[in-house]
Amino acid sequence: MIEPTSSDRQVIDTVLGGDREAFRVLVEREAANVIEAARRILRDPTEAEDVAQDAFAQAFVALPTFRGDGPFGAWVRRIAVRAAIARLATRPDLIWLDGDAPESRATMLPSGDDPERHALEAERRASIIDAIRDLPGPQRIVVMLRFYRDLSIEEISVATNDPIGTVKSRLSRGLASLRDQLTPRSAP
């Protein structure tokens with residue numbers, strides 16, 4: 001019987017030795033951190049729990065490949081973050097960019113404010129969302145994680161498993177493309 005205070009390596013060795021129930025110790029230890037990592041990206045607790053569950057299932061299957069050169073918790077969090085990013089990338093909508101459903105935007109207009117200004121802001125927001133949708137996948141993900149999930153370059157690097165230079169390059173190219181798409185053109 002494995003003790004809850006056993007090291008990650010001891011628990012993993014026990015699981016790999018055939019005691020599949022010992023994996024529960026790792027899940028109980030890391031569940032809150034894994035869910036929080038997914039929630040930070042998805043901003044939806046229910047989806048974060050689904051992603052965390054999938055991440056633990058993937059970790060269980062891949063456990064024989066765990067090298068042990070870092071903590072198990074960090075390894076499974078990386079799995080969860082990648083799964084959360086993948087889930088975002090497959091969404092047909094980008095409503096999560098500003099956290100509001102389109103139907104609620106019309107009711108968000110404060111009374112007494114300039115309706116024309118609100119209409120222009122809504123149009124600008126829609127243009128930005130459309131421009132982000134048009135970015136190539138890797139650039140879109142980096143831009144979304146940086147500006148709408150407020151992840152640092154280093155966090156995005158870990159989350160996407162890309163070198164920091166690649167993340168910076170994708171961010172730079174994505175922002176340049178957005179600038180080109182969103183800058184009004186002068187009449188010839």
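Leu135 lies in the loop that runs between helices α6 and α7, and in this predicted model it offers a convenient place from which to start reading the chain. With a relative accessibility of 3%, Leu135 counts as buried, because the cut-off for that class is under 20% relative accessible area. Leaving out residues up to four places away in sequence, Leu135 touches Arg140, Val143, Gly174, Ser177, Leu178 and Gln181. One of these partners, Gly174, stands 39 residues away from Leu135 in sequence, yet the two C-alpha atoms are 6.7 Å apart in space.

From this loop the view can widen to the whole chain. Its secondary structure consists of nine helices and zero strands, so that the order along the sequence is simply α-α-α-α-α-α-α-α-α. Of the 188 residues in the chain, 35% are buried. When contacts between residues at least 6 apart in sequence are considered, 60% of them join residues that are at least 24 apart, and the pair of Leu135 and Gly174, at 39 residues apart, can be read with that figure in mind. The chain exposes about 11100 Å², of which carbon and sulfur atoms supply 53%.

On one side of the loop that holds Leu135 is helix α6, which covers residues 115–134. This helix has 20 residues and reaches 29 Å from its first C-alpha to its last, which is close to the 28 Å expected at 1.5 Å a residue. The buried residues of α6 are His118, Ile129, Ala131 and Ile132. Seen down the axis of α6, these buried residues fall within an arc of 160°, and they therefore line one face of the helix. The face turned away from that buried side carries the exposed residues Pro115, Glu116, Leu120, Glu123, Arg124 and Asp134.

On the other side of the loop with Leu135 comes helix α7, residues 137–147, which packs against helix α9, residues 164–182, at an angle of about 95° and with the two axes 8 Å apart. That angle makes α7 roughly perpendicular to α9. The α7 residues that take part in the meeting are Pro138, Gln139, Val142, Val143, Arg146 and Phe147, while α9 contributes Val167, Arg170, Leu171, Arg173, Gly174, Leu175 and Leu178. Val143 from α7, together with Gly174 and Leu178 from α9, also appears among the residues that Leu135 touches.

Helix α8 spans residues 153–160, and its residues Ile153, Ile156, Ser157, Ala159 and Thr160 are buried. Viewed down the axis of α8, they fall within an arc of 170°, so they line one face of this helix. Just after α8, Asn161 takes a positive phi of about 60°. As general background, most residues other than glycine have a negative phi.

Where does Val167 lie, the residue that comes up next? Val167 lies in helix α9, and at 1% relative accessibility it counts as buried. Apart from neighbours within four places in sequence, Val167 is in contact with Val142, Ile153, Ile156, Ser157, Thr160 and Asp162. Several of these partners, including Ile153, Ile156, Ser157 and Thr160, are buried residues of α8, whereas Val142 belongs to α7. Val167 and Ile153 are 14 residues apart in sequence, with their C-alpha atoms 6.8 Å apart in space.

The beginning of the chain can be followed in a similar way. Ser6 lies in the segment before α1, the helix of residues 8–16, and its relative accessibility of 11% places it among the buried residues. Not counting residues up to four places away in sequence, Ser6 touches Val11 and Arg29. Both of these residues also take part where the helices α1 and α2 meet, since Asp8, Val11, Ile12 and Val15 in α1 meet Phe23, Val25, Leu26 and Arg29 in α2. The two helices pack at an angle of about 140°, with their axes 8 Å apart, and they are therefore oblique to each other.

Beyond α2, which covers residues 23–42, a loop leads to α3, residues 45–62, and Arg43 lies in this loop. The phi of Arg43 is near 60°, a positive value in a residue other than glycine. At 48% relative accessibility, Arg43 counts as partly exposed, because exposed residues are those over 50% and buried ones those under 20%.

Notes
Residues are numbered from 1 along each chain as its sequence is written. This is a predicted model: local features need pLDDT of at least 70, side-chain atom pairs count only at pLDDT 80 or more; totals for chains, interfaces and linings use all residues. Side-chain values use heavy atoms; hydrogens and water are left out. Helices (H or I, at least four residues) and strands (E, at least two) are DSSP runs, numbered from the N terminus. Buried means under 20% relative accessible area, exposed over 50%, partly exposed in between (1.4 Å probe, protein chains only). Contact means heavy atoms within 4.5 Å. Accessible areas come from the Shrake-Rupley method with a 1.4 Å probe; for residues, only the protein chains shown count as cover. The expected span of a helix is 1.5 Å times one less than its number of residues. The arc is that of the directions from the helix axis to the C-beta atoms. Axes are lines fitted to C-alpha atoms, for helices over the stretch in contact, and angles run from 0 to 180 degrees between N-to-C directions. Angles under 35 degrees count as roughly parallel, over 145 as roughly antiparallel, 65 to 115 as roughly perpendicular and the rest as oblique.
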